[in-house]
Amino acid sequence: MAETYCGKTCAECAYKEQSGCPGCKSGPGRQFGGDCGLAKCVREKGHETCDTCGFRGNCGTRRSSADMPEYRRRKQEAEKARLEAVARRAPVLGKWLWILFWLVVIGNIPGLMSIDVLAGIAPGVFMTGQILGVLCTAVYGGILLRLQSEEDRYHTAGVCALIAAAVNLLVSLIAGIGETPTWTLVFTLPAAVFVLVGEYHEFIGHSVVLSGVDGELGWKWENLWKWTIGLELGMLGGIVIMLIIPFLGAVAVLGAAVGMVVVSILRMVYLYRTARAFRDYLA
């Protein structure tokens, strides 16, 4: 039985000792876990070596076999560099994403304190909730800016969060305890756009840093953004429909509102899992 699939002699390979290769059929050409495309091709066609294949004369895969050891060496070096980069980022991401998660959890308290119902019943609680909400958003944006050294998208997300916090503070001060003037929409509508842009960059940023750590979770962050923008458009569409068909529009708005609650919960779950992934990576 030949020691290689392509016909080369292991003893003559210049990369055998350099890469610590145990031999073709025990190393890169092994059936499970091997990374040699030529070995896979031979096995799939039912041959022992390339020499018994009728297409060997015009086979591009066989012609590239001489470069395969160098290709595998570059691939191993790239993988090593990637793992070193993840190991370097893991302490920072594990720490600050964990803080972000708890900030989101704590941020639900000011949200409950600043619901419109409390504006007339307990104006002090309402105003305190609004101020705390602005503070949580500002701190959240500051942490995202702290993470910009690990992923550029966090910078944009942090800036958008700080702009949204500044606008919310301005509107709260203008409104005071009474009703919010209609003209403040000049500020709040652009702020809503900044929030969406910030969420997009944050979610994609999470997806990027998870590459090589938890690809499935990274894919879920990308999908979560699609659901977020879809529900926002659904809410806007429902409001427009309410002007024409009130009942149908109300149903659409209610459905979008329920969906947003689900997305908010998933966001907390994904943020927890993302922070935990980097903390576990360190362990």
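In this predicted model, Arg276 and Asp280 form a salt bridge, with their closest N and O atoms 3.2 Å apart. Both residues belong to helix 9, where they sit four residues apart, about one turn of the helix. The spacing suits such a pairing: an α-helix has 3.6 residues a turn, so residues three or four places apart point the same way. Arg276 is partly exposed, with a relative accessible area of 36%, and Asp280 is partly exposed as well, at 43%.

Salt bridges that share partners also join Glu199, Glu202 and Arg267 into one network. Within this network, the side chains of Glu202 and Arg267 meet at 2.8 Å, N to O. This pair links distant parts of the chain, since Glu202 lies in helix 7 and Arg267 in helix 9 (residues 246-282), 65 residues apart. Both Glu202 and Arg267 are buried. For Glu202 the relative accessible area is 2%, under the 20% limit, and therefore the residue counts as buried. Helix 7, which holds Glu202, spans residues 185-209. The side chain of Glu202 also makes a polar contact of 2.4 Å with that of Tyr140. Beyond its neighbours within four places in sequence, Glu202 touches Tyr140, Leu144, Tyr154, Ala157 and Arg267.

In total, the structure holds five salt bridges. Another of them pairs Glu150 with Arg88, at 3.6 Å between the closest N and O atoms. Here too the pair links distant parts of the chain: Glu150 is in the loop between helix 5 (123-146) and helix 6 (153-175), while Arg88 is in helix 3 (residues 68-113), 62 residues away. The two partners differ in their surroundings, as Glu150 is buried at 11% relative accessible area, whereas Arg88 is exposed at 53%.

Turning to the overall architecture, the protein contains nine helices and zero strands. Of its 283 residues, 35% count as buried. Among contacts between residues at least 6 apart in sequence, 61% join residues at least 24 apart. The protein exposes about 16400 Å², of which carbon and sulfur atoms supply 65%.

On the surface, Ile241, Leu243, Ile244, Ile245 and Leu248 form a nonpolar patch with about 520 Å² of accessible area together. One of these residues, Ile241, is found in helix 8 (residues 215-242) and is partly exposed, at 30% relative accessibility.

Helix 1 (residues 37-44) has Leu38, Ala39 and Val42 as its buried residues. These cover an arc of only 100° around the axis, so they lie on the same side of helix 1.

Conventions:
Residues numbered from 1 in each chain as written. Predicted model: local features only at pLDDT ≥ 70, side-chain atom pairs only at ≥ 80, totals over all residues. Heavy atoms only, no water. Buried < 20%, exposed > 50% of the residue type's maximum accessible area, 1.4 Å probe, protein only. Helix = DSSP H or I, 4+ residues; strand = E, 2+ residues; numbered from the N terminus. Arc of directions from axis to C-beta. Contact = heavy atoms within 4.5 Å. Areas by Shrake-Rupley, 256 points an atom, 1.4 Å probe, with all protein chains shown as cover. Polar contact = N/O pair within 3.5 Å; in protein donor to acceptor, adjacent residues only side chain to side chain. Patch = residues over 30% accessible without salt bridge, like charges linked within 9 Å, V, L, I, M, F, W, Y side chains within 5 Å. Salt bridge = Lys/Arg side-chain N within 4 Å of Asp/Glu carboxyl O.
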